[in-house]
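I opened the notebook to look up aromatic contacts and the pocket lining in this model.

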Amino acid sequence: MATAAKRTDDDNEELDRDYRPSPNEEFMNPRQQAYFRRKLQDWKESILRESRETLNQLQIDSLREPDVTDRASSETDWGIELRTRDRQRKLISKIDAAIRRIDEGEYGYCEVTGEPISLARLEARPVATMTVEAQERHERNEKVSREE
């Protein structure tokens, strides 16, 4: 595994916005770590911004619709929105854990096998903690235990 390397916001600023990690580079080199840190921080900030917008909208909108059907529809819509925000709140803790793994030099390595997680998987799911193979095995085992 790579050695832990703390990155500051200044390091992230220096990272070219067009940079994309390549399998031709050393895995989880400082540049890749900075790239994924920025990706995770940007994702977290986006979630927090959406949450603030939802909260502001809830404070502005009145759920006191004069029509019972309209009120029920509004309450259903807000219920869905609040469940979405709750899932995103849980996602923030996964993002924070991924950033901690970058700080500790463990990011990008499977928690089960210790093997590198493919860059394509990390690009698609930056909070991934397992290789595709380990994740599939884990899901098969979960399915078997649920069926028993």
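I looked first at the aromatic cluster, which is formed by Tyr19, Tyr35, Phe36 and Tyr107. The model is predicted, so local features need pLDDT of at least 70 and side-chain atom pairs count only at pLDDT 80 or more, while totals for chains, interfaces and linings use all residues. Residues are numbered from 1 along each chain as its sequence is written, and side-chain values use heavy atoms, with hydrogens and water left out.

I searched the whole structure for aromatic pairs and noted four (rings of Phe, Tyr and Trp, the last by its six-membered ring, with centres within 6.5 Å; planes under 30 degrees apart are stacked, over 60 edge-to-face, the rest tilted). One of them is Tyr19 with Tyr35, edge-to-face at 5.8 Å centre to centre and 75° between the planes. I placed Tyr19 in the loop between α1 (9-14) and α2 (30-60) and Tyr35 in helix α2, 16 residues apart (helices are DSSP runs of H or I, at least four residues, numbered from the N terminus). Tyr19 is buried at a relative accessible area of 6%, and Tyr35 is buried at 4% (buried means under 20%, with a 1.4 Å probe and protein chains only).

I then checked Phe36 and Tyr107, whose ring centres are 5.5 Å apart with planes at 45°, so I entered the pair as tilted. Phe36 lies in helix α2 and Tyr107 in the loop between α3 (68-104) and α4 (119-124), so this pair ties together parts 71 residues apart in sequence. Both Phe36 and Tyr107 are buried.

How values were computed
Helix = DSSP H or I, 4+ residues; strand = E, 2+ residues; numbered from the N terminus. Buried < 20%, exposed > 50% of the residue type's maximum accessible area, 1.4 Å probe, protein only.
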